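Colleague: I would like to go through this model with you and ask, label by label, what each term rests on. Could you show me the sequence and the structure before we begin?

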Amino acid sequence: MTSFLDPFISFVSAHAWLAYLTLFLAALLEAVPVVGSVVPGSTIILALSALVPGGELKLGWVLLAAATGAVLGDGSAYWIGHRQQREILNTWPLTNYPRVVEESESFFHRFGTWAVFFARFVPPIRAFVPVTAGALGMPPARFYAINIPAILVWAPAHVLPGVLAVSALHEYAGLHHHGHVGKHIWILTVAAVAITLGLAIWIIRRRQGSGVAAAKSRG
């Protein structure tokens with residue numbers, strides 16, 4: 001795996017603009033309904049943040065790319081919901097995800113305006129709450145008043161852990177930046193955690209779905 005990561009890190013160092021574009025698209029697509037439930041945007045952002053301490057990427061540009069993508073993604077989803085109202089929630093492809101749509105509505109009703117803030121940190125609901133907020137008639141000014149501060153917290157929360165972790169490995173564990181060992185450790189850890197969480201969520205939802213189906217058949 002490290003033999004794969006070394007050329008990748010070198011490529012990013014030589015073509016940093018592609019990494020910033022990837023960060024932007026990861027944050028944007030993660031906010032799109034349905035698409036955001038399968039695009040590992042947070043994982044990509046967390047992993048690429050490891051390239052900041054060594055100078056391959058610049059912290060300011062990483063934060064800007066992630067935040068801008070998230071603002072455009074959330075905003076686009078919100079305006080789709082705002083224009084079509086509740087009709088969008090009963091339209092394909094959202095009709096293929098009734099449970100997540102129901103969860104996002106319940107999340108919105110439970111937390112009200114603050115659902116827009118909290119949803120930024122709760123996948124896969126994150127990809128459905130903006131469109132739900134628009135569909136349920138949340139005013140644009142109120143949406144952006146909550147959404148933009150949420151993104152300004154969300155972006156550093158996804159970027160800084162990698163920066164600090166890799167910096168700490170180099171500073172206190174004696175690892176050198178040119179060896180990329182700290183980057184390898186962080187990127188592989190992020191990938192392993194993401195895969196483990198993904199499998200756990202898939203198993204839980206599968207079991208819940210089987211339980212609901214069994215209850216309906218008994219009824």
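**What the labels rest on**

Modeller: Of the 219 residues in the protein, buried residues make up 38%, and I should say at once that this is a predicted model. The protein has 9 helices and 0 strands, and from the N terminus on the elements run α-α-α-α-α-α-α-α-α. Among the contacts with a separation of 6 or more, 75% are between residues 24 or more positions apart.

Colleague: Why is Ile151 called buried?

Modeller: Ile151 has a relative accessible area of 1%, and the term buried requires a value under 20%, so Ile151 is placed in that class. Ile151 lies in helix H8, which spans residues 140-172, and, leaving out residues up to four places away in sequence, Ile151 touches Ala67, Ala70, Val71, Asp74, Arg120 and Pro156. The C-alpha atoms of Ile151 and Ala66 are separated by 8.9 Å, although these two residues are 85 residues apart along the chain.

Colleague: Why does Glu105 count as buried?

Modeller: The relative accessibility of Glu105 is 15%, and because the limit for buried is under 20%, Glu105 meets it. Glu105 belongs to helix H5, residues 98-111, and its contacts, not counting residues up to four places away in sequence, are Arg86, Leu89, Thr132 and Leu136.

Colleague: Why, then, does Thr113 count as partly exposed?

Modeller: Thr113 has 25% relative accessibility, and partly exposed covers the range between the buried limit of 20% and the exposed limit of 50%, so Thr113 is given the intermediate label. The place of Thr113 is in the loop between H5 and H6. Apart from neighbours within four places in sequence, Thr113 is in contact with Met138, Arg142 and Ile146, while the C-alpha atoms of Thr113 and Ala133, 20 residues apart along the chain, are separated by 8.5 Å.

Colleague: How many aromatic pairs does the structure hold, and what makes the pair of Trp114 and Phe117 edge-to-face?

Modeller: The structure holds 11 aromatic pairs. In the pair of Trp114 and Phe117, the centres are 5.7 Å apart and there are 70 degrees between the planes; rings pair if their centres lie within 6.5 Å, and an angle over 60 degrees counts as edge-to-face, so both the pairing and the label follow. The accessibility of the two residues falls in separate classes, since Trp114, at 47%, counts as partly exposed, whereas Phe117, at 18%, counts as buried.

Colleague: Why is the pair of Phe117 and Phe118 edge-to-face?

Modeller: The ring centres of Phe117 and Phe118 are 5.9 Å apart and their planes stand at 90 degrees, which satisfies the 6.5 Å limit for a pair and the limit of over 60 degrees for the edge-to-face class. Phe118 itself counts as partly exposed, at 35% relative accessibility. Phe117 and Phe118 are also members of one aromatic cluster, together with Phe107, Phe111, Trp114 and Phe121.

Colleague: What lies over the face of Trp154?

Modeller: Arg120 lies over the face of Trp154, at 4.6 Å from the ring centre, and the distance part of that rule asks for a value within 6 Å.

Colleague: Which residues line the largest cavity?

Modeller: The lining consists of Asp74, Val116, Ala119, Arg120, Arg126, Val129, Pro130 and Asn147, and helix H6 (115-119) and helix H7 (129-135) are the elements that give two or more residues to it. By class, the lining of this cavity has 4 nonpolar, 1 polar and 3 charged residues. The largest cavity has a volume of about 40 Å³, and the count of cavities of 30 Å³ or more comes to 1.

Colleague: How much space lies in the largest pocket, and which element gives the largest share of its lining?

Modeller: About 930 Å³ of space lies in the largest pocket, and of the 31 residues that line it, the closest to its centre are Ser37, Pro123, Leu197, Gly198 and Ile201. Helix H3 (41-48), H5 and helix H9 (181-218) each supply at least two residues of the lining, with the largest share, 11 residues, coming from H9. By class, the lining of the largest pocket has 17 nonpolar, 8 polar and 6 charged residues.

Terms used:
Residues numbered from 1 in each chain as written. Predicted model: local features only at pLDDT ≥ 70, side-chain atom pairs only at ≥ 80, totals over all residues. Heavy atoms only, no water. Phe/Tyr/Trp six-rings, centres within 6.5 Å; stacked < 30°, edge-to-face > 60°. Buried < 20%, exposed > 50% of the residue type's maximum accessible area, 1.4 Å probe, protein only. Lys NZ or Arg CZ within 6 Å of the ring centre and 35° of its normal. 1 Å grid on protein atoms, 1.4 Å probe; cavity = no way out; pocket = protein on both sides within 12 Å on 5 of 7 lines; lining within 4 Å. Points joined across faces, edges and corners; volume = space filled by probe spheres on them. Helix = DSSP H or I, 4+ residues; strand = E, 2+ residues; numbered from the N terminus. Nonpolar A, V, L, I, M, F, W, Y, C, P; charged D, E, K, R; others polar. Contact = heavy atoms within 4.5 Å.
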